[in-house]
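Please look through the sequence and the model below before reading on. The paragraphs that follow go from the whole chain to single side chains.

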Amino acid sequence: PMGNFSRDKVLKLAKGYKGRSSTCYSIAIRRVHKALQYQYRDRRVKKRIVRKQWIVTLTAATREHGFNYSRFIMCLNRSNVNIDRKILADLAINEPYSFKTIIDEVKRQNDYVEFEQIKPKLRLQSGVLLHEAIENGSLRATQPTPEEIEEIEKSLIPKEIKMIGLRYPERDAKDPKKDYLRLSFQEEDEAFLKEQERLQLSLKEQKKLPREVLTDNWEEDMSMYKHKRKP
């Protein structure tokens, strides 16, 4: 208990604290007391964080071999391989071949072929070597020719859609100001998107926007204030 701490012991624990917390006893004892509470709590929280890191490592490592983490742990518990997550995560990082041996043994003991038949997508998650990818056509050993590049670009670029005429012909056909040969409605779409962005702003963000200034006709604009009393 801190009641038995001497003055020198409290100041020794408070060494390095900011300001008077390291020299003034009345302030240091509060800081030290709070620090010891955090130490007691985080000694337990640290174990949870490290366990989460092991699970993240194992999840990435098992996916390379057609497993997911939950299925791997289930098969591991049913087998006679008694290795905890700490050792498995270390093997996955530093000894990938040893980790693959463990996975193969777990698969053999649990007849994992049955699960692969139920979920054939797991087979697609296995890794492929470089020469196998070149043989399958997934990768190329040489650069593509200019003709092949043009074909790829044509396949990626969408075809242009040309819209000739009015958007609402029944409503706008009698208006001579409307353009009958417009190919797109880019101006209307940009105005609509700009208005939607303005409506989504918060009140604080709207206040930061530049305000409109009445500069066209000052007398006409100020005519609405005629009935107001002048200062």
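Among contacts in the protein chain between residues at least 6 apart in sequence, what percentage join residues at least 24 apart? The share is 40%. This figure, like the others here, comes from a predicted model.

The protein chain is built from 12 helices and 0 strands. Its pattern along the sequence is accordingly written α-α-α-α-α-α-α-α-α-α-α-α. Of the 231 residues in the chain, 18% are buried. The accessible surface amounts to about 20,500 Å², and carbon and sulfur atoms account for 54% of that area.

The next topic is charged side chains. The structure contains 4 salt bridges, and three pairs are described here, beginning with one inside helix α5. Helix α5 covers residues 96–110 and holds both K100 and D104, which stand 4 residues apart, about one turn of the helix. These two residues form a salt bridge in which the closest N and O atoms are 3.1 Å apart. How accessible is K100? K100 is partly exposed, because its relative accessibility is 37%. D104 also falls in the partly exposed class, because its value is 35%.

Another pair sits in helix α10, which spans residues 186–199. Here R198 and E195 are 3 residues apart, again about one turn of the helix. Their side chains meet in a salt bridge, with an N to O distance of 2.6 Å. R198 has a relative accessible area of 37% and so is partly exposed. E195, at 33% relative accessibility, is therefore partly exposed as well.

A further salt bridge joins the side chains of R41 and D42, at 3.0 Å from N to O. R41 counts as partly exposed because its relative accessibility is 45%. For D42 the value is 34%, so D42 is partly exposed too.

Other charged residues form a patch. Which residues gather in a patch of negative charge on the surface? They are E147, E150, E151 and E153. One of them, E151, can be placed in helix α8, which runs over residues 146–156. Is E151 buried or exposed? The cut-off for exposed is over 50% relative accessible area. E151 has a relative accessible area of 56%, so E151 is exposed.

Notes:
Residues are numbered from 1 along each chain as its sequence is written. This is a predicted model: local features need pLDDT of at least 70, side-chain atom pairs count only at pLDDT 80 or more; totals for chains, interfaces and linings use all residues. Side-chain values use heavy atoms; hydrogens and water are left out. Patches are made of residues with over 30% relative accessible area and no salt bridge: like charges are joined within 9 Å, nonpolar side chains (Val, Leu, Ile, Met, Phe, Trp, Tyr) within 5 Å. Accessible areas come from the Shrake-Rupley method with a 1.4 Å probe; for residues, only the protein chains shown count as cover. Lys and Arg count as positive and Asp and Glu as negative; His and the chain ends are not counted. The place of a charge is taken as NZ of Lys, CZ of Arg, CG of Asp or CD of Glu. Helices (H or I, at least four residues) and strands (E, at least two) are DSSP runs, numbered from the N terminus. Buried means under 20% relative accessible area, exposed over 50%, partly exposed in between (1.4 Å probe, protein chains only). Contact means heavy atoms within 4.5 Å.
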